[in-house]
Amino acid sequence: MNDAIQGSHFPGRYWHTLEDGRVQCDVCPRECRLNDGQRGLCFVRANDGGKMMLTTYGRSSGFCVDPIEKKPLNHFLPGTPVLSFGTAGCNLTCKFCQNWDISKAREIDKLNDAADPDMIARAAVELGCRSVAFTYNDPVIFLEYAVDVAKACHARGLKTVAVTAGYIKPEARAEFYAHMDAANVDLKAFTEDFYHRLCGAHLEAVKDTLVYLRHQTGVWFEVTTLLIPGENDSPEEIDAQSRWMMAALGPDVPLHFSAFHPDWKMRDKDNTPPATLTRARDIAMKNGLRYVYTGNVHDPAGGGTYCSGCGALLIGRDWYELSTWALTPEGHCRACGTLLPGRFEARPGTWGRKRQPVRFER
């Protein structure tokens with residue numbers, strides 16, 4: 001193994017050799033072209049002797065049992081615990097990253113928890129989780145590890161969740177989402193300028209992933225936009241985004257507007273005022289989206305799920321804890337019978353807002 005590459009290396013899929021001998025990664029639209037010993041921008045996919053390797057297979061930056069609502073997913077197994085983990089690195093360069101200590105990590109030694117796929121699935125079952133989430137950093141960059149963990153989870157009756165920016169090429173995307181039951185996709189903003197200037201990426205690739213999920217898969221997915229004051233929170237941009245979602249994805253894909261707090265390389269920005277989130281929610285709902293939420297703020301009204309038929313409160317939430325539950329075992333409104341889109345069980349979970357760190361024995 002090349003001395004410049006450290007970590008638990010595993011043969012990568014989705015790459016090809018260029019005429020000049022370099023290796024091109026075909027997982028995401030960056031298409032990093034690497035000489036022997038070089039890493040891609042994500043830092044975890046590397047050219048090792050003319051072959052693409054994933055250098056973080058089987059290693060994690062940490063495990064934690066979270067409420068599923070923290071992903072955030074409001075229409076997927078509400079109230080249940082999810083075993084969450086990530087690795088290191090990211091294929092975007094967001095200057096406002098809220099998990100920068102993990103996603104921007106350049107030290108593989110930070111990956112202290114080693115766990116093979118079956119170990120993770122077995123632990124999730126023992127901890128009473130209904131699902132496993134690939135989160136904290138973007139799972140598309142550790143695709144091979146995520147897929148193997150997903151297979152082990154499905155073998156034990158667990159669901160799988162991807163928390164992702166959706167920046168992935170079509171061939172890799174097809175395999176990745178074939179093994180996911182749910183996803184939350186970060187739609188960072190709705191202008192190419194924002195994506196180019198603050199994320200080092202392109203908007204159209206993310207829109208393409210969202211359309212793919214809606215029309216070519218059975219994956220339940222929800223969308224999150226972190227509203228940053230002065231960057232992507234104008235009424236005009238919110239209007240354009242929600243109109244596009246309505247036209248391209250339909251009225252039933254939930255949209256979460258989350259509050260920004262200063263972090264990473266954008267510490268000069270203010271926190272997002274709660275009124276900005278409420279305004280964004282109002283605009284999106286006026287444009288026809290039925291399930292629009294506010295996040296990272298205490299807002300029971302913005303966190304509740306309401307029936308699109310009669311307006312009744314179907315699921316009440318206080319932060320990540322459920323209060324009201326007015327669904328039938330089949331997922332219909334008890335008052336008028338309208339079906340609530342999502343993936344629901346006969347009864348809600350009772351995990352609440354707890355976070356439980358998990359350590360694996362070496």
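A contact here means two residues with heavy atoms within 4.5 Å of each other. Keep that in mind as you open this predicted model: among contacts in the protein chain between residues at least 6 apart in sequence, 68% join residues at least 24 apart.

**Stop 1: the whole chain**

Start by showing the full protein chain as a cartoon. You will find nine helices and 20 strands. The radius of gyration is 20 Å, close to the 21 Å that the globule rule gives for 362 residues, so the chain is as compact as a globular protein of that length. Turn it along its principal axes, and the C-alpha trace spans about 65 × 45 × 35 Å.

Now switch on a surface. The accessible surface of the protein chain comes to about 14600 Å², and carbon and sulfur atoms account for 49% of it. Under that surface, buried residues make up 58% of the 362 residues.

**Stop 2: a sheet near the start of the numbering**

Select β1 (10–11) and β5 (45–48), then add strand β6 (residues 51–54). Together these three strands form an open sheet in the order β1-β6-β5, with antiparallel pairing. β1 and β5 stand at the edges with a single partner strand each, so one side of each is left without a neighbour in the sheet.

Zoom in on β5 and β6, which are joined by four bridges and run antiparallel. Which residue in β6 is the bridge partner of alanine 46? Click across from alanine 46 and you land on methionine 53.

**Stop 3: another three-stranded sheet**

Next, select β2 (15–17) and β4 (33–34), along with strand β3 (residues 23–25). This open sheet has the order β2-β3-β4, and its pairing is antiparallel too. Here β2 and β4 are the edge strands, each with a single partner, so one side of each lacks a neighbour in the sheet. Three bridges join β2 to β3. For a label to place, try histidine 16, which stands opposite glutamine 24 in β3.

**Stop 4: helix α5**

Move on to helix α5 (residues 192–199) and show side chains for Phe194, Tyr195, Leu198 and Cys199, which are buried. Look down the axis of α5: these buried residues fall within an arc of 100°, so they line one face of the helix. To see what covers them, add β13 (182–186) and α6 (203–216), which are included in that cover. Before leaving, select glycine 200, which follows α5 and has a positive phi, near 65°.

**Stop 5: helix α8**

Finish with helix α8 (residues 274–286). Try the distance tool on its end C-alpha atoms: they are 19 Å apart, which agrees with the 18 Å that 13 residues should span at 1.5 Å a residue.

Now colour Thr276, Leu277, Ala280, Arg281, Ile283 and Ala284, the buried residues of α8. Seen down the axis of α8, they fall within an arc of 165°, so they line one face of the helix. On the other side of α8, give a second colour to Pro274, Ala275 and Lys286, which are exposed.

What do the buried residues of α8 pack against? Bring in the helices α7 (235–249) and α9 (300–303), then the strands β14 (220–227), β15 (255–259), β16 (292–295) and β17 (305–306). Your last selection is glycine 288, just after α8, which takes a positive phi of about 110°.

Technical notes: Residues numbered from 1 in each chain as written. Predicted model: local features only at pLDDT ≥ 70, side-chain atom pairs only at ≥ 80, totals over all residues. Heavy atoms only, no water. Helix = DSSP H or I, 4+ residues; strand = E, 2+ residues; numbered from the N terminus. Expected span 1.5 Å × (residues − 1). Buried < 20%, exposed > 50% of the residue type's maximum accessible area, 1.4 Å probe, protein only. Arc of directions from axis to C-beta. Pairing = 2+ DSSP bridges. Rg over C-alpha atoms; globule rule 2.2 N^0.38 Å. Areas by Shrake-Rupley, 256 points an atom, 1.4 Å probe, with all protein chains shown as cover.
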